[in-house]
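This briefing sets out the main features of one protein chain, grouped by topic. Please read it alongside the sequence and the structure shown here.

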Amino acid sequence: MRPEELAELRRKDVDLDEGSLWVKRAAPELTTGKRVVGDPKSRAGKREIVLPAFVLTDLRQHLDWFGEPRPEGLVFVGERGAPFRRSTFGRKFRKARKKIGLPDDFRFYDLRHTGNTLAADTGAKLKDLMVRAGQSSERAQLIYQQSKKMHQRKIATTMDADVRRQRQEATERAEQVGELATVLGC
């Protein structure tokens, strides 16, 4: 998700039973410090994101410990219970980044890049990736996709397995036809 989408994520937008959340609003913070609550960046920004199962335990714990309790409550709250501010969030993110040993040039937005790259690595179709990321253009999604030798090897391995499976199925069908012809005396 984009930071401004996280800033306006509400408890009612999270469905832990279904393992998904809905992006319905965004709250970018202007350079003046004013938060502007409204629609996401584009029409495609309004979307359901199905979460990988490993995230759900942490999300449930976060909601229990930090999220505002009522359905309209914010999932991510800033200092003293207020909506989180860019400056406070940046300071906290830098502290957390240092604590876990990420390089100083690792930005919060790089987490979005990582998530989109992991999704692309599953072999998902371009349209599915665009929907997941809330993007309205192929060009935007292609920014997140990289081709490395390991990706090319995975493609080749998957293609090999698929062709071998299809050949095996064709051989089995031919054998069944041959057996049927023998039984029928053809």
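A residue is called buried under 20% relative accessible area, exposed over 50%, and partly exposed in between. By this scale Glu72, at 39% relative accessibility, counts as partly exposed. The structure is a predicted model. The points below cover its largest nonpolar core, its salt bridges, two of its helices, α3 and α4, and some further features.

**Nonpolar core**

- In soluble globular proteins, nonpolar side chains tend to be buried together.
- The largest nonpolar core here has ten residues: Leu9, Val14, Leu21, Val23, Ile49, Leu51, Leu56, Leu59, Leu63 and Val75.
- Strand β2 (20–23) and helix α2 (53–65) are the elements that give two or more residues to this core.
- Helix α2 provides the largest share of the core, with three residues.
- Leu9, a member of this core, is in contact with Met1, Val14, Leu21, Trp22, Gly73, Leu74, Val75 and Phe76, when neighbours within four places in sequence are left aside.

**Salt bridges**

- The whole structure contains 15 salt bridges.
- One of them joins the side chains of Glu5 and Arg47, with an N to O distance of 2.9 Å.
- Because Glu5 belongs to helix α1 (residues 3–6) and Arg47 to strand β3 (residues 47–50), this pair ties together parts that are 42 residues apart in sequence.
- Glu5 is buried at a relative accessible area of 1%, and Arg47 is likewise buried, at 3%.
- A further salt bridge connects the side chains of Glu8 and Arg35, at 3.3 Å from N to O.
- Glu8 sits in the loop between α1 and β1 (14–15) and Arg35 in the loop between β2 and β3, so that distant parts of the chain, 27 residues apart, are linked.- Both Glu8 and Arg35 are buried.
- Lys12 and Glu72 form another salt bridge, in which the closest N and O atoms are 2.5 Å apart.
- This pair also links distant parts of the chain, 60 residues apart: Lys12 is in the loop between α1 and β1, and Glu72 is in the loop between α2 and α3 (86–99).
- Lys12 is partly exposed, with a relative accessible area of 43%, and Glu72 is partly exposed at 39%.
- Glu8, Arg10, Asp13, Lys24, Arg25 and Arg35 are joined into one network by salt bridges that share partners.

**Helix α3**

- Helix α3 has 14 residues, and the distance from its first C-alpha to its last is 20 Å, close to the 20 Å expected at 1.5 Å a residue.
- Thr88, Gly90, Phe93 and Arg97 are the buried residues of α3.
- These buried residues pack against α4.
- Just after α3, Gly101 has a positive phi of about 85 degrees.

**Helix α4**

- Helix α4 (residues 109–121) is made of 13 residues and reaches 19 Å from its first C-alpha to its last, close to the 18 Å expected at 1.5 Å a residue.
- Asp110, Arg112, Asn116, Thr117 and Ala119 are buried in this helix.
- The packing partners of the buried α4 residues are β3, α5 (126–133) and α6 (138–142).
- Gly123, just after α4, adopts a positive phi of about 95 degrees.

**Helix α5**

- Lys127 is found in helix α5, and at 56% relative accessibility Lys127 counts as exposed.
- Lys127 and Glu138 are eleven residues apart along the chain, and their C-alpha atoms are separated by 8.0 Å.

**Helix α7 and the nonpolar surface patch**

- Leu180, Val183 and Leu184 make a nonpolar surface patch of about 340 Å².
- Val183 lies in helix α7 (residues 149–184) and is exposed, with a relative accessible area of 68%.
- Asp160 is also found in helix α7, where Asp160 is partly exposed at a relative accessible area of 38%.
- The C-alpha atoms of Asp160 and Gly78 are separated by 50 Å, and these two residues are 82 residues apart along the chain.

Note on methods. Residues are numbered from 1 along each chain as its sequence is written. This is a predicted model: local features need pLDDT of at least 70, side-chain atom pairs count only at pLDDT 80 or more; totals for chains, interfaces and linings use all residues. Side-chain values use heavy atoms; hydrogens and water are left out. A nonpolar core is a set of buried Ala, Val, Leu, Ile, Met, Phe, Trp, Tyr and Cys residues joined through side-chain atoms within 4.5 Å. Buried means under 20% relative accessible area, exposed over 50%, partly exposed in between (1.4 Å probe, protein chains only). Helices (H or I, at least four residues) and strands (E, at least two) are DSSP runs, numbered from the N terminus. Contact means heavy atoms within 4.5 Å. A salt bridge is a side-chain nitrogen of Lys or Arg within 4 Å of a carboxyl oxygen of Asp or Glu. Patches are made of residues with over 30% relative accessible area and no salt bridge: like charges are joined within 9 Å, nonpolar side chains (Val, Leu, Ile, Met, Phe, Trp, Tyr) within 5 Å. Accessible areas come from the Shrake-Rupley method with a 1.4 Å probe; for residues, only the protein chains shown count as cover. The expected span of a helix is 1.5 Å times one less than its number of residues.
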